[in-house]
Amino acid sequence: MPLSNSDLKTQITYWHPDDRDSRRSRDRTASPQNVAYPPQTDGANGNPGPPNSNPPIDDDRNGDRPRDPETPETPDSERGFLPVLKNRNFLALWSGQVFSQLADKVYLVLAIAIITSHFQTPGQTISGWVSAIMIAFTIPAVLLGSIAGALVDRWSKKNVLVATNLLRGGLVLAIPILLDLSDGVNLSAVPLGFAFLLAVTFLVSTLTQFFAPAEQTAIPLIVEKRLLLPANSLYTTTMMASVIVGFAVGEPLLAIADKAIGQWGDTLGIGKELLVGGSYCIAGLLLLVMKTGEKPDHPNREYPHVFEDIRDGLRYLSNHRRVRNALIQLVILFSIFAALAVLAVRLAEVIPSMSTEQFGFLLAAGGIGMGLGAAGLGHFGQRFSNRQLSTIGSVGMSVSLCVLSLVTDRLWPDLCSIAILGMFAAMVGVPMQTTIQAETPEEIRGKVFGLQNNAINIALTLPLALAGLAESFFGLQVVFLSLAAIAMAGGGLTWYISRTEP
């Protein structure tokens, strides 16, 4: 029977990571059944015996749900990605992620292509148009992350995943129609078609804020606890691959789509929109076959106000330092890479063999390194604890940033340092995401992931403004050394918590 809000707040208030009994109680509460296990019967007289502390075994799980709340030792035969991919529900989620992530990354390339072909005039800079698109894409991420996470907790995760993909696909497919209807019409000094493009971008980003926490919350629902690390490794590998593919070959993919659709008699040039919108729709259809095992809400359940849900998430984080530390580590990680995105432009400028426009190669090196690191974790990471991996990753990131500060004007040392930085970053990001998933009860995961997404969005935004300013005052070396100190501080925090916990 679902927990009431008052029961949930009581558990949030009194659970403590140092209390082993409370930890076991928490895991039972977060179990898929979410009910008290039936008492055992005495075989001699049929009278009820003591309560059964072990959950009933589900013989038809197919790897869909955890059998035991505690994390068992993983046999060598079940390490790596293969056991996770044998789980047909995770395979559906991962396949949907592939198409959804690709569409997310290519959408921005599509928006720029539309601006170039429809709105930018000869000799006019494109920066103002692109800035408006980026603002429309960023506002929902900053304002709606926590609210979306709280609402996702109340809804079926599968329904959210399917609906957000199909709706985003429909919005993108509607762009050619909107542009055709608004051709030649201005809204004050702004073309009406561009206003439509801004609105679609805003709505696509808004739906993404609901998709992200639903996806992160669904992973521990369908994957056994002992396989969360390789599952998150595969998730991260796919995400980084989509970044590289989306930004590196997004434009050629759109051109190929236009050419392919043109062979079928298309005169409107809608191949690009069909590629992106179709990818979202395919993701939604793939997710239809996924089963999360969620039970429908009790009809008499009293829902609290959404801001009360957010306070519940904050209260949980304040009382659970391992989860709070994992969130802090992720914020530090994304802040460092957001700063690197800005500093890469300056790096490309000071490297003699590069031009400023080629800064994307430096970022691609970090993406490749993170993808390789995540793939390695999927195969070998289960041999270590999440704390060990995060501490090693933080130290490695710090050393890589220190080396990068010494070779700022050399191409290959820079590429190698950034790639190694990405590999160690995966050792921080994947285990910390796994920690949050494994230790947060099912009833509050959406709230916590919503807060996480909100914090990360802010962490991605602030360094974009501060890193360039700091570099102009203090130089690249000082900024990289400062980032190294921040990474080391995150590792020290993880080490301290692991030393002080029983």
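Begin by selecting helix α9, residues 192-222, whose 31 residues reach 45 Å from the first C-alpha to the last, close to the 45 Å expected at 1.5 Å a residue. Colour α9 by accessibility, and 24 of its 31 residues come out as buried, so the helix is largely enclosed by the rest of the structure. Keep in mind throughout that this is a predicted model.

**The whole chain**

Zoom out before going further. The protein chain comprises 18 helices and four strands, and 49% of its 502 residues are buried. Among contacts with a separation of 6 or more, 81% are between residues 24 or more positions apart. A surface display of the protein chain shows about 23100 Å² exposed, of which carbon and sulfur atoms supply 65%.

**A nonpolar patch beside α9 and α5**

Return to α9 and add α5 (127-143), since each of these two helices supplies at least two residues of a nonpolar patch. Select Ile135, Ile139, Leu143, Phe202 and Leu203, which form this patch on the surface and together have about 450 Å² of accessible area. The largest share, three residues, comes from α5, and isoleucine 135 is a convenient place to centre the view, as a residue of that helix.

**The nonpolar cores**

Next, hide the surface and look inside. In soluble globular proteins, nonpolar side chains tend to be buried together. Here the largest nonpolar core has 51 residues, and Leu362, Met397, Phe480 and Leu483 are those with the most contacts inside it. Helices α12 (306-319), α13, α14 (359-380), α15 (386-406), α16, α17 (445-474) and α18 (476-500) each supply at least two residues of this core, with α13 giving the most, 13 residues. Apart from this core lies another, of 27 residues, which includes Leu221, Ala231, Leu234 and Leu287.

Which residues does phenylalanine 480 contact, once its neighbours within four places in sequence are left aside? Selecting its surroundings brings up Leu340, Leu343, Leu347, Leu401, Leu404, Ser405 and Thr408.

**Salt bridges**

A search of the whole structure finds nine salt bridges, and three of them make useful stops.

Select aspartate 258 and lysine 272, whose closest N and O atoms are 2.6 Å apart in a salt bridge. Aspartate 258 belongs to helix α10 (residues 228-262) and lysine 272 to helix α11 (residues 271-287), so the pair ties together parts that are 14 residues apart in sequence. The two partners fall on either side of the 20% limit for burial: aspartate 258, at 22% relative accessibility, counts as partly exposed, whereas lysine 272, at 15%, counts as buried.

Move on to arginine 322 and glutamate 439, which form a salt bridge with closest N and O atoms 2.8 Å apart. Because arginine 322 lies in helix α13 (residues 321-350) and glutamate 439 in helix α16 (residues 411-439), this pair ties together parts that are 117 residues apart in sequence. Are these two residues buried or exposed? Arginine 322 and glutamate 439 are both buried.

Staying on α13, select arginine 346 and glutamate 349, whose side chains meet in a salt bridge at 3.0 Å, N to O. The two are three residues apart in helix α13, which means that about one helical turn separates them. Arginine 346 is partly exposed, with a relative accessible area of 32%. Adding Glu471 to the selection completes a network of salt bridges that links Arg346, Glu349 and Glu471.

**Two buried polar residues**

Two further selections close the tour. The first is serine 279, placed in helix α11 and counted as buried at 8% relative accessibility. Not counting residues up to four places away in sequence, serine 279 touches Phe99, Ala103 and Leu274.

The second is glutamine 452, which lies in helix α17 and, at 1% relative accessibility, counts as buried. Showing its contacts, with neighbours within four places in sequence left aside, brings up Gln216, Leu327, Leu330, Gln433 and Ile436. Of these, Gln216 can be traced back to the helix at which the tour began, as α9 covers residues 192-222.

Technical notes
Residues numbered from 1 in each chain as written. Predicted model: local features only at pLDDT ≥ 70, side-chain atom pairs only at ≥ 80, totals over all residues. Heavy atoms only, no water. Salt bridge = Lys/Arg side-chain N within 4 Å of Asp/Glu carboxyl O. Buried < 20%, exposed > 50% of the residue type's maximum accessible area, 1.4 Å probe, protein only. Core = buried A, V, L, I, M, F, W, Y, C linked by side-chain atoms within 4.5 Å. Contact = heavy atoms within 4.5 Å. Expected span 1.5 Å × (residues − 1). Patch = residues over 30% accessible without salt bridge, like charges linked within 9 Å, V, L, I, M, F, W, Y side chains within 5 Å. Areas by Shrake-Rupley, 256 points an atom, 1.4 Å probe, with all protein chains shown as cover.
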